[in-house]
Amino acid sequence: MRLLPVILVSVLAIPILEIYLLIEVGQSLGAITTIFFVVFTAVLGALLMRYQGLSNLQRVQNSMQAGDLPALEMMEGPVLLLGGVLLLVPGFLTDTLGFLLLFPLVRRALLRRFLSHSQYPPGVQPTTPPRKDDPNVIEGECHREDD
């Protein structure tokens, strides 16, 4: 699937859908209530993004201290940032998508799905580094002595 047409359609369709939803909600609830909800979701989203970001940073640090590669946690960072940006954009559709990206279960499921469909170049296989507690790993030091 080509990415450029999807991006172009999204750039055109999302603002149109947002304007439509804002008009419909504004007619149902009133302008002041609609503005309140848009501002409220932005503030709530910023607070949730901060909390999730700090939590993700803690998981990265814990994984590194345990000797594990925090690959999934490192990939969650940009997804959290995207969720925060979507929450700051005024509108109900982007707020819904942003809140979904802030939920850890949804975020991890999307990342796992993305990773399962990612393509590696021929001859390259994803590997995980050996753990420190692996009995097959031998630690040592090497010194080079010049003649």
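# A walk around Glu-76

Start by selecting Arg-107 and Glu-76: the two form a salt bridge, with their closest N and O atoms 3.4 Å apart. Arg-107 belongs to helix H5 (residues 104-117) and Glu-76 to helix H3, so this pair ties together parts that are 31 residues apart in sequence. Check the burial while you are there: both Arg-107 and Glu-76 are buried. Before you go on, please keep in mind that you are looking at a predicted model.

**Stop 1: the next arginine**

Keep Glu-76 on screen and add Arg-108. Arg-108 also forms a salt bridge with Glu-76, and here the closest N and O atoms are 2.8 Å apart. This pair links distant parts of the chain too, with Arg-108 in helix H5 and Glu-76 in helix H3, 32 residues apart.

**Stop 2: across to helix H2**

Now add Arg-59. How far apart are the closest N and O atoms in the salt bridge between Glu-76 and Arg-59? They are 2.7 Å apart. Glu-76 sits in helix H3 and Arg-59 in helix H2, so the pair links distant parts of the chain, 17 residues apart. Is each partner buried or exposed, or something in between? Glu-76 has a relative accessibility of 0%, so it counts as buried. Arg-59, at 21%, counts as partly exposed, because buried means under 20%.

With these residues selected together, you can view the whole arrangement: Arg-59, Glu-76, Arg-107 and Arg-108 are linked in a network of salt bridges. Side chains of opposite charge can pair when their charged atoms come close. The count for the model comes to four salt bridges.

To see what else surrounds Glu-76, show its contacts, leaving aside neighbours within four places in sequence. The list is Asn-56, Arg-59, Arg-107, Arg-108 and Leu-111.

**Stop 3: another glutamate in helix H3**

Select Glu-73, which is also a residue of helix H3 (residues 71-88). Which side chain of opposite charge is nearest to Glu-73? It is Arg-59, 4.9 Å away. Glu-73 is buried yet has no salt bridge, because a salt bridge requires the nitrogen and oxygen to be within 4 Å. Beyond neighbours within four places in sequence, Glu-73 is in contact with Asn-56, Arg-59, Val-60 and Ser-63. Asn-56 and Arg-59 appear in the contact lists of both Glu-73 and Glu-76.

**Stop 4: the nonpolar core**

Switch to the nonpolar side chains and select Leu-72, Val-79, Leu-86, Leu-101 and Leu-111. These five residues make up the largest nonpolar core. Helix H3 gives the most to this core, with three residues.

Click on Leu-72 for a link back to the earlier stops. Leaving aside neighbours within four places in sequence, Leu-72 is in contact with Arg-108, Leu-111 and Arg-112. Arg-108 is one of the salt-bridge partners of Glu-76, and Leu-111, a core member, is also in contact with Glu-76.

**Stop 5: a leucine with some exposure**

Stay on helix H3 and pick Leu-82. With a relative accessibility of 45%, Leu-82 counts as partly exposed. For a distance to try in your viewer, take the C-alpha atoms of Leu-82 and Leu-102: they are separated by 9.3 Å, and the residues are 20 apart along the chain.

**Stop 6: the nonpolar surface patch**

Turn on the surface and select Leu-29, Phe-36, Phe-37, Phe-40, Leu-44 and Leu-48. Together they make a nonpolar surface patch of about 520 Å². Which helix supplies the largest share of the patch? That is helix H2 (residues 31-65), with five residues. Leu-48 is located in helix H2 and is partly exposed, with a relative accessible area of 31%.

**Last stop: the whole chain**

Zoom out and colour by secondary structure. The chain has five helices and zero strands, and from the N terminus on its elements run α-α-α-α-α. Of its 147 residues, 20% count as buried. Among contacts between residues at least 6 apart in sequence, 57% join residues at least 24 apart. The accessible surface of the chain comes to about 11600 Å², and 68% of it belongs to carbon and sulfur atoms.

Terms used: Residues numbered from 1 in each chain as written. Predicted model: local features only at pLDDT ≥ 70, side-chain atom pairs only at ≥ 80, totals over all residues. Heavy atoms only, no water. Helix = DSSP H or I, 4+ residues; strand = E, 2+ residues; numbered from the N terminus. Buried < 20%, exposed > 50% of the residue type's maximum accessible area, 1.4 Å probe, protein only. Lys, Arg positive; Asp, Glu negative; His and termini not counted. Contact = heavy atoms within 4.5 Å. Patch = residues over 30% accessible without salt bridge, like charges linked within 9 Å, V, L, I, M, F, W, Y side chains within 5 Å. Areas by Shrake-Rupley, 256 points an atom, 1.4 Å probe, with all protein chains shown as cover. Core = buried A, V, L, I, M, F, W, Y, C linked by side-chain atoms within 4.5 Å.
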